[in-house]
Amino acid sequence: MPDLLIELFSEEIPARMQARACDDLKKRVTDGLVEAGLTYASAAAFSTPRRLALTVEGLTGESPTVREERKGPRTDAPEKALQGFLRATGLTQDQLEKRDDKKGQVWFATIEKTGRPAPVIVAEVLEDVIRNFPWPKSMRWGSGTLRWVRPLHSILCILSDESGAQVVPMTIDGITAGDSTEGHRFMGSQRFSVSSFDDYTAKLKKACVMLDPAERADHIWHDATNMAFAQGLEVVEDKGLLAEVAGLVEWPVVLMGQIGKDFLELPPEVLQTSMKEHQKFFSVRDPKSGQIVRFVTVANRETADNGATILAGNEKVLSARLSDARFFWENDLREAKAGMGTWLDKLDNVTFHNQLGTQGARIARIAKLAREIAPQAGADPDLAEQAAKFAKADLASEMVYEFPELQGIMGRYYCAAAGMDPAVAEAAQMHYKPLGPSDDFPLNPVSVAVSLADKLDTLTGFWEIDEKPTGSKDPYALRRAALGIIRTVTGHNLRVGLERLIDMQLLEHTIALSLDTAEEREVYFLEEMVDEIAKFGVFGAAFHAVTDKLAGKDEPFEVEEGTWLARLRASLPEKSDDLLAFFHDRLKVHLRDEGIRHDVIDACLAMPGNDDLSLLVRRAEALSAFLKTDEGENLLQGFKRANNILTKEEEKDGVEYRYGADVKFAEEDSEKALFSALDDAETVIAQAMKAEDFGVAMGAMSALRAPIDGFFEAVQVNTDNQIVRRNRLNLLHRIRETCLGVADLTQIEG
């Protein structure tokens, strides 16, 4: 079986496109070969700035001959049907065969596809891949029609086996495939021929080209860390930058340079970001001070002066870049020490979203909500409000305008420079977190309050204007915001009633959106309702409370059907419920990752207090652990048996058996034992649920396993004695209600 080697040699391919291009080349070529009838043992793709390469081992030498039978129209079908069948099969009528069928005679066609040699198939597949390659951006050059990411210079395509290598004959837009390639642009020799993948990689290395990007990345990291270690320093790890730099060079030469002394006092994040974004430099820091003191750059060639000229040029360009950064830093520090008032004024004129107003208006809402959340997070309300007001002030700074990725980080420096409380400064950076499933959530109570307020305002705002995530689309990262709230709340075991906060913030957005259209008294009505929700906790009760309060004034206030407030009254609870359901969906995903089954989560979501995420998680963890025990599994079966019998009999009799179970009507010892066990369990469960001790509640429920098993083994529920039957059905209701007091076991599968 031959091995296939392909190389597409071009001008420099952008580093960000190389990994995806490797995957696309491998998938499209191998899929095309398989569809054409060839099989292979293994395949691997590689990239450098100037080439994409693919090796396919163990390729079959030709595709097999295939015979296929197709059933056609009936022999007495219209002529058009027959002609269509002939076109589809590529046969003539005399090549068809008549066969008997259930509905009469029909035409059958036998199509034989003769196997084809691998070179023919490879040429066909590769041409299609090259002409239809999915580059994010491509270009044409010269007079040809071919499009590629950069001008394509040559195609290497050979099939090799024990007898040698043969070139696959193909030509695309004047480029004829061959068996030769080029080495490094500056250090390579003349064009050379190859006979196999091993020969190809060995000759490339002699011509100063490392084909494998993983090898280049390892080489860069090894040399960089060794250089730093030799001077008592360490390289700041950045896997994204490492992958990008490995895609910029074919022969990496690692060099370490100096940072001018005038710039060493800049915050390390500023130095690191500036060097990474502008120069693709790695930062080298002193582990004792944490300060960035040097940089590592990667050249694409060896030089006679060991890179001295390259380093001198890089240091000169870096100095100019860092001079800009120092200018931004010094200007920003002056503004920070002056109180950042100018920045806050600027944010009043910066649009957050065209329907949700300005950043300034958003900050005011977040500050108000952070003050409300602060006591539940264990934070000082005044500090939380202050932190929320200044947490986003750095968005108007020159440094963040130049480097948006430094938002929050610079805010921490500026709040500290302004002399604010350290908790306020920390909140400026930490309120954005967590930024993903593996990112840390904020720890300081003030940061927690601001983080929750920020994310909740974002979610309620986009829910208010009906910009919810759909399918895989989530342009405003609302799923990430919800997961951030979940991780922060449950990570700190905070007792936060989400429904109340959602209702309050939805109303805040309604007020903001209605200022131009609502009457003055309607806006006053909404503002009063926000305060009432803080007391009542839900929208409906607050709505009635405010209506009643205003109705008692000199001018009666009635919410007439069809008015703006009536529509609000109808729509807001729906939005609130929908957003809470969105949190529940995110919580399910989060807990499934923690190993808790979806039906266990559903059983807990069906219980009261399902807007308390910490309570939900504790209940779900306890129920999950309980159901993994033999007692839990057996009790579940007993509960389901009791519930099924009771449900069936209630439907048949048209009544509910909810009251009147009395031990005096018990006939069997097992029946009396179940009464006693239920009495004990109900008492323990009620106390445990009040104390939110779900482990104890589950333990009390597990004690019911043996009495329930004994009851069903010894007793016939549907006995002929109707008094005893009703008593036993009412007893089944007690089993159901006792178990449902802990979790909705009807949601559990199995």
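Leaving aside neighbours within four places in sequence, which residues is Leu-459 in contact with? Let me take that one straight away. They are Leu-478, Ala-481, Ala-482, Ile-485, Leu-579, Phe-582 and Phe-583. Please keep in mind that this is a predicted model.

Now the setting for that residue. Leu-459 belongs to the largest nonpolar core, which has 140 residues. Leu-459, Phe-583 and Leu-623 are the residues with the most contacts inside it. Helix H15, residues 445-464, gives the most to this core, with 10 residues. There is also a second, separate core, of 38 residues. Among its members are Met-17, Ala-123, Trp-135 and Ile-175. As background, nonpolar side chains in soluble globular proteins tend to be buried together.

Next, the aromatics. How many aromatic pairs does a search of the whole structure find? The count is 14. I will show two of them.

One is Phe-281 with Phe-295. This pair is stacked, at 4.4 Å centre to centre and 10° between the planes. Phe-281 lies in the loop between helix H7 (268-279) and strand S15 (282-285), while Phe-295 lies in strand S16 (residues 292-299), so the pair ties together parts 14 residues apart in sequence. Are these rings buried or exposed? Phe-281 has 2% relative accessibility, so it counts as buried. Phe-295 is buried too, with a relative accessible area of 0%.

The other is Trp-463 with Phe-582. Here the rings are tilted: 4.8 Å centre to centre, with 55° between the planes. Trp-463 sits in helix H15 and Phe-582 in helix H20 (residues 564-593), so this pair links parts that are 119 residues apart in sequence. Both Trp-463 and Phe-582 are buried. You have met Phe-582 already, as one of the contacts of Leu-459.

There is an aromatic cluster as well. Trp-329, Trp-343, Tyr-413 and Tyr-414 make it up.

On to the strands. Start with S1, residues 3-10. Seven of its eight residues are buried, leaving this strand mostly covered. S1 runs antiparallel to strand S7 (residues 152-161), and eight bridges join the two. Within that pairing, Glu-7 has Leu-156 as its bridge partner. S1 also pairs with strand S3, residues 51-57, again in the antiparallel sense, over six bridges. In that pairing, Phe-9 stands opposite Arg-51.

A second set of strands forms an open sheet. What is the order of its four strands? Reading across, S13-S15-S16-S14, with antiparallel pairing. The edges are S13 (234-235) and S14 (253-258), since each is listed as pairing on one side only. S13 meets S15 over two bridges. Val-235 stands opposite Val-284 in S15. For orientation, S15 and S16 are the strands we passed with the stacked phenylalanine pair.

Now one helix, H27, residues 722-740. At 1.5 Å a residue, its 19 residues should span 27 Å, and its end C-alpha atoms are 27 Å apart, which agrees. Of those 19 residues, 14 are buried, so H27 is largely enclosed by the rest of the structure. Asn-721 caps its N-terminal end. A side-chain oxygen of Asn-721 lies 3.1 Å from the backbone nitrogen of Ile-723.

Last, the loops around H15 and H16. Begin with the loop between helix H14 (422-430) and H15. Asp-439 is placed there, and Pro-434 is found there too. The peptide bond from Lys-433 to Pro-434 is cis, with omega near -5°. The side chains of Lys-433 and Asp-439 make a polar contact at 3.2 Å. Beyond its neighbours within four places in sequence, Asp-439 is in contact with Lys-433, Pro-434 and Arg-487. Why does Asp-439 count as buried? Because its relative accessibility is 18%, and buried means under 20%.

Two residues other than glycine have a positive phi worth flagging on screen. Asp-466, in the loop between H15 and helix H16 (478-491), has phi near 60°. At 56% relative accessibility, Asp-466 counts as exposed. Asn-493 has phi of about 55°. Asn-493 lies in the loop between H16 and helix H17 (498-514). With 41% relative accessibility, Asn-493 counts as partly exposed.

That is my tour.

Conventions
Residues numbered from 1 in each chain as written. Predicted model: local features only at pLDDT ≥ 70, side-chain atom pairs only at ≥ 80, totals over all residues. Heavy atoms only, no water. Buried < 20%, exposed > 50% of the residue type's maximum accessible area, 1.4 Å probe, protein only. Pairing = 2+ DSSP bridges. Core = buried A, V, L, I, M, F, W, Y, C linked by side-chain atoms within 4.5 Å. Contact = heavy atoms within 4.5 Å. Expected span 1.5 Å × (residues − 1). Polar contact = N/O pair within 3.5 Å; in protein donor to acceptor, adjacent residues only side chain to side chain. Phe/Tyr/Trp six-rings, centres within 6.5 Å; stacked < 30°, edge-to-face > 60°.
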